[in-house]
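Student: I've got a structure open and some labels puzzle me. Can we go through what earns each one?

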Amino acid sequence: MHLIQDENGNPVPHGHAHEHGGSHCPAADGTHTHCGSCEEHLHEDPPQDKMTAVLDYMLKHNEHHAAELDQVAEQFRANGKADAAEQIKKAVDEFQKGNLYLRLALSMVSEDSQKES
């Protein structure tokens, strides 16, 4: 496993890479990485700050993908594929629901770390 940095420069451990275009990707070559299995992180017993960094990164990552999918839906709609666009919009809604839970979890661990300080 190696460390990459999220959009804010925080270290984020991950495993395998997949291609993406655009400046949102941490690596200079336009790639970013995902772990092959979330269990990899669980067995390593990382420090709390690294787990929080991973959670923060994943939330921002998901928000970015939701925004990308929203744009894709609009492109499909503009090309006469309203039914496909509607399904993508439904998927984006589900992404956003999941992101709410991730944001809540992040705020909980952030509050806990502030109490410990």
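Tutor: Sure. Start with the word "buried": a residue gets that label when its relative accessible area is under 20%. Keep in mind that this is a predicted model.

Student: Which residues of α3 are buried?

Tutor: In α3, the label goes to Ala85, Ile88, Val92, Asn99 and Leu106. Each of them is called buried because its relative accessible area falls under the 20% cut-off. The cover over the buried residues of α3 includes α2. Across the chain, 28% of the 117 residues count as buried.

Student: What makes Ala66, Ala73, Ala85, Ile88 and Val92 a nonpolar core?

Tutor: A nonpolar core takes buried residues of types such as Ala, Val and Ile, joined through side-chain atoms within 4.5 Å. Those five residues form the largest nonpolar core here, so they meet that definition. Both α2 (48-78) and α3 (82-116) supply at least two residues of this core. The largest share, three residues, comes from α3.

Student: What does Ala85 touch, leaving out residues up to four places away in sequence?

Tutor: Ala73, Phe76 and Arg77. They count as contacts because heavy atoms lie within 4.5 Å.

Student: How do you know that the span of α3 agrees with its 35 residues?

Tutor: At 1.5 Å a residue, α3 should span 51 Å, and its end C-alpha atoms are 51 Å apart, so the two agree.

Student: And in what order do the elements of the chain run from the N terminus?

Tutor: The order is β-β-β-β-α-α-α, with four strands and three helices in the chain.

How values were computed. Residues numbered from 1 in each chain as written. Predicted model: local features only at pLDDT ≥ 70, side-chain atom pairs only at ≥ 80, totals over all residues. Heavy atoms only, no water. Buried < 20%, exposed > 50% of the residue type's maximum accessible area, 1.4 Å probe, protein only. Expected span 1.5 Å × (residues − 1).
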